[in-house]
Amino acid sequence: MTAEGRLDRLRPSAARLARFTGRTLRGEWHAIVVDPVRQLARRGLSGLLLAFVAALGVVFFHDIAQHPTGAVWVTRLGGVKADLPLWLSLLRTPVSLYVPALDLPVWAGITQLFLAFALAELALGRSRTLVVAYATTLAGTLVARLMIAVGPGWGGLGLPAACGHVLDTGPSAAVVGLFTYLSVIRRAPVVFTLTGGSMVWESVAVPNLAGREHLIAVGSAVVLGLLRGRRDRLRTLGRSLLPARSGRPAPAAPTASAAPAAAPTASAAPAAPPVLPKPASAPVPVPAPAHPTGGRTGKTAMTSLER
């Protein structure tokens, strides 16, 4: 086969691939950029409340951490480590969303944080944005503690005990989780590849605690995105798996209602008169036999009654 014949065979496939790529990019552009911008034009700057709070929170804690005393208080309020008690880690996790990571440039992190919270708030709403951000961050923290508790080995899943002294990733896990969740529910493969692919590359290139937590945040965001809109189905499935309660009586089956009596017609035969029962004849008293000493007996009986 000549080169021209091969090109002729490849041209339809290349054209279909180009059309598919164009449709995907156009749909992703409208879902990720155009729709949030329309929401921003309709709601105004109030639609960016979470984004401004997150960005200003990171700037505030970053400025405080520049002083020795401030750094101590920032660590006490939002520093999450695996060697801390679980209740203390859970108490510090909400504040850790605003504590910047030490090994990342703060201004680049603020830009990513503002963009992630802005797009998520405009596309999802405030409550769902907070739930996704906190859930992905908490999942990364808890699973990292489990990996450290397991220890090295287990096919590379475990982590050494020295990772327990490393600070948590801060707001980066929430950023990764929000971008991944948006890409799943809006069906944006390019954003998903850039987000999830970069996290996979980071965990392979630099195998540290932050890379593991980012991968866990990506996985938890994918699960949350796939479960969106299936609440009723999951609730029905859970009820079907639960055993039936024996104390509650089963509902009675509906019975067929009795048919109404037909109205009497003129041609119907008259009903027979009821048969009355015959009155029973009164029993005839039988005279008692006379006792040989009847007079004495009667007199004695009367005397006894009088007494």
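1. Start with R187. This residue sits in the loop between helix 7 and helix 8. The model is a predicted one. In this model, R187 has a phi near 55°, a positive value, and R187 is not a glycine. Most residues other than glycine have a negative phi. R187 is exposed, because its relative accessible area is 73% and the cut-off for exposed is over 50%.

2. Now look at the two helices on either side of that loop. Helix 7 covers residues 172-185, and helix 8 covers residues 189-205. Their axes come within 8 Å and cross at roughly 145°. The crossing of helix 7 and helix 8 is left-handed. Helix 7 brings V176, F179, T180, S183 and V184 to the contact, while helix 8 brings V191, F192, T195 and M199. Sorted by type, these contact residues are six nonpolar, three polar and no charged.

3. Helix 7 has another partner, helix 6. Helix 6 spans residues 126-150, and its axis comes within 8 Å of the axis of helix 7. Two packed helices are described by the angle between their axes and the distance between the axes. Here the crossing angle is roughly 120°. Angles of 65 to 115 degrees would count as roughly perpendicular, and over 145 as roughly antiparallel. Helix 6 and helix 7 are therefore oblique to each other.

4. What is the handedness of the crossing of helix 6 and helix 7? It is right-handed. On the helix 6 side, the contact residues are R128, T129, V132, A133, T136 and T137. They meet A173, A174, G177, L178 and Y181 of helix 7. This contact divides into six nonpolar residues, four polar and one charged.

5. Next, the nonpolar interior. The largest nonpolar core holds 29 residues. Which of them touch the most other members? They are L113, F117, L124, L178, Y181 and L182. Helix 2 (49-64), helix 5 (106-124), helix 6 and helix 7 each give this core at least two residues. Helix 5 gives the most, with nine residues.

6. Take L182 as an example from that core. Leaving out residues up to four places away in sequence, L182 touches I32, L119, A120, A123, L124 and R187. Note that R187, the exposed loop residue of point 1, is on that list. There is also a second, separate core, made of seven residues. Among its members are M147, L159, L209 and I216.

7. A proline is worth a look too. P94 lies in helix 4, which runs over residues 86-96. Is P94 buried or partly exposed? P94 has 37% relative accessibility, so it counts as partly exposed. Along the chain, P94 and L138 are 44 residues apart. In space, their C-alpha atoms are separated by 8.9 Å.

8. Finally, step back to the whole protein. How many helices and strands does it have? There are eleven helices and zero strands. Along the sequence, the pattern reads α-α-α-α-α-α-α-α-α-α-α. The protein has 307 residues, and buried residues make up 30% of them. Consider the contacts with a separation of 6 or more. Of these, 74% are between residues 24 or more positions apart.

Terms used. Residues are numbered from 1 along each chain as its sequence is written. This is a predicted model: local features need pLDDT of at least 70, side-chain atom pairs count only at pLDDT 80 or more; totals for chains, interfaces and linings use all residues. Side-chain values use heavy atoms; hydrogens and water are left out. Axes are lines fitted to C-alpha atoms, for helices over the stretch in contact, and angles run from 0 to 180 degrees between N-to-C directions. Helices (H or I, at least four residues) and strands (E, at least two) are DSSP runs, numbered from the N terminus. A crossing is left-handed if the near helix is turned anticlockwise from the far one by less than a right angle, and right-handed if clockwise. Contact means heavy atoms within 4.5 Å. Ala, Val, Leu, Ile, Met, Phe, Trp, Tyr, Cys and Pro count as nonpolar, Asp, Glu, Lys and Arg as charged, and the others, Gly among them, as polar. Angles under 35 degrees count as roughly parallel, over 145 as roughly antiparallel, 65 to 115 as roughly perpendicular and the rest as oblique. A nonpolar core is a set of buried Ala, Val, Leu, Ile, Met, Phe, Trp, Tyr and Cys residues joined through side-chain atoms within 4.5 Å. Buried means under 20% relative accessible area, exposed over 50%, partly exposed in between (1.4 Å probe, protein chains only).
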